[in-house]
Amino acid sequence: MTTMKAMSLKEGTLAIREVARPAPGSGQILVRTLACAICASDHHYMDHPEVVRADRSRMQIHAPHDDVVMGHEYCGEIVEYGPDTARAWPVGTRITATPALFTPDGLRIIGMAPDAPGGFGEYFLVSEGFARPVPESVPPENLALIDAMAVGWYYTRIGVADENAVPLVIGLGAIGLSVVIALKQRGVPHVVVADFSADRRALAQRLGADVAVDSAVEQPFTAWRRTAWGTEEDVVDRVRLFGLSTCAVYECVGREGILADIIEQCPIGTRVFSAGGAASDTIPSNTAHLKGINLQFGGGPDPADWFEMCDLVTDGTVDTGPLVGKIVGFDGLVDAFERARSSTAPPRIVFRPDRR
């Protein structure tokens, strides 16, 4: 078999095509796709080739004339080992892996280069050293969300260093919800969330959020002050702020203008973790300077975060099932990819090749 069925990006267009079936190289495993979730990072890769072209690490490759099979949140089963592998698990073992692939031309993000095909095809490649076996008792669509959960695990690890901070999560897609789950796993007592969607707010509360704000009705920081300080007053005097809770904002929207609004509205000394990250944005840097804002862009998850979350999902400590809103097969994949852009879409739409 030299070809496979896949949803590929080519000439700026997504379609179900017959593409070359990947062959495992040194240190690689060929995996049959069981499930792969649609992530906003897939949209960013497709929509912003200028960002991909500017990536000097070449972990992402802009290849408009080649078939690029996206999909980096996956679960599959081992089909074939490449050379120079330990072959630690039998063929047929269910596995997942961090979305990074060692290739002869360097490290690639899986699903963001033609030589690192992802899970929106029948087969994909992983590096053996990044792979982990996963139990068949957990549905593959749930296992496909480990990577998304690892993002929240990473941001909360670096965000809970200040025990006096009360978090505010803005945007309740899969990443925002992963932050909520991670904060509660880490024992944070008060978590405030904000979103326009009533369904997403309700899900966040099911997952442990203490206060859920309808952003169309109330400014999120008003509710945050009420929760953290016991007053809706916007305290700006540095002396009066002494002893009050600090603010940690998890920006999980990824749209232009959100960071600027956060910087304008947040208290002095806020730490902002930009997990959403618009492709480009303009922020009021002078306001951020005067307030002493600490702004963290990306940077993770680290492999340790990913493997910790893998353990939490596979042992049943973290249930990703509530985030899986819809499962589609090849017939519905292109439409689902576009639908996933909408704020009314479920937190995660998952592709399963066996679904009709």
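**Chatting through the sheet and its cores**

Colleague: Before we dig in, what kind of model is this?

Modeller: It's a predicted one.

Colleague: OK. Start with strands E13 and E14: how many bridges join them, and do they run parallel or antiparallel?

Modeller: There are 4 bridges between E13 (residues 246-251) and E14 (residues 271-274), and the two strands run parallel. To give you one spot to look at, Ala 248 sits opposite Arg 271 of E14.

Colleague: Which helix packs on the sheet there, touching E13 and E14?

Modeller: That's H9, residues 258-265. H9 also touches E15 and strand E10 (165-170), and its direction makes about 170° with that of E13.

Colleague: Zooming out, what's the strand order in the open sheet?

Modeller: E12-E11-E10-E13-E14-E15, so 6 strands, with parallel pairing.

Colleague: And which strands stand at the edges?

Modeller: E12 (211-214) and E15 (294-297). Each has a single partner strand, so one side of each has no neighbour in the sheet.

Colleague: How much are neighbouring strands turned against each other?

Modeller: By 20° on average, ignoring direction.

Colleague: What lies across E11 and E12?

Modeller: Helix H6, residues 198-206, which runs at about 175° to E12. E11 itself covers 192-195.

Colleague: Switching to the inside: in the largest nonpolar core, which residues touch the most other members?

Modeller: Tyr 155, Val 169, Val 193, Tyr 250, Met 309 and Leu 323, out of 52 residues in that core.

Colleague: Which element gives the largest share of it?

Modeller: H4, with 9 residues. Elements supplying at least two residues each include H4 (146-159), helix H5 (174-185), E10, E13 and helix H11 (303-314).

Colleague: What does Val 193 touch, leaving out residues up to four places away in sequence?

Modeller: Quite a list: Leu 168, Val 169, Leu 172, Val 180, Ala 204, Ala 209, Val 211, Ala 212 and Val 213.

Colleague: And the second core, how many residues does that have?

Modeller: 43, and it's separate; Val 31, Tyr 74, Val 126 and Leu 333 are among them.

Colleague: Now the whole protein. How many helices and strands?

Modeller: 12 helices and 17 strands. The radius of gyration is 21 Å, close to the 21 Å the globule rule gives for 356 residues, so the protein is as compact as a globular protein of that length.

Colleague: What does the C-alpha trace span along its principal axes?

Modeller: About 70 × 40 × 35 Å. Of the 356 residues, 53% count as buried.

Colleague: And how much area is exposed?

Modeller: About 15200 Å², with carbon and sulfur atoms supplying 50% of that.

Notes:
Residues are numbered from 1 along each chain as its sequence is written. This is a predicted model: local features need pLDDT of at least 70, side-chain atom pairs count only at pLDDT 80 or more; totals for chains, interfaces and linings use all residues. Side-chain values use heavy atoms; hydrogens and water are left out. Two strands pair if DSSP finds at least two bridges between them. Axes are lines fitted to C-alpha atoms, for helices over the stretch in contact, and angles run from 0 to 180 degrees between N-to-C directions. Contact means heavy atoms within 4.5 Å. The radius of gyration is taken over C-alpha atoms; the globule rule is 2.2 Å times the number of residues to the power 0.38. Buried means under 20% relative accessible area, exposed over 50%, partly exposed in between (1.4 Å probe, protein chains only). Accessible areas come from the Shrake-Rupley method with a 1.4 Å probe; for residues, only the protein chains shown count as cover. A nonpolar core is a set of buried Ala, Val, Leu, Ile, Met, Phe, Trp, Tyr and Cys residues joined through side-chain atoms within 4.5 Å.
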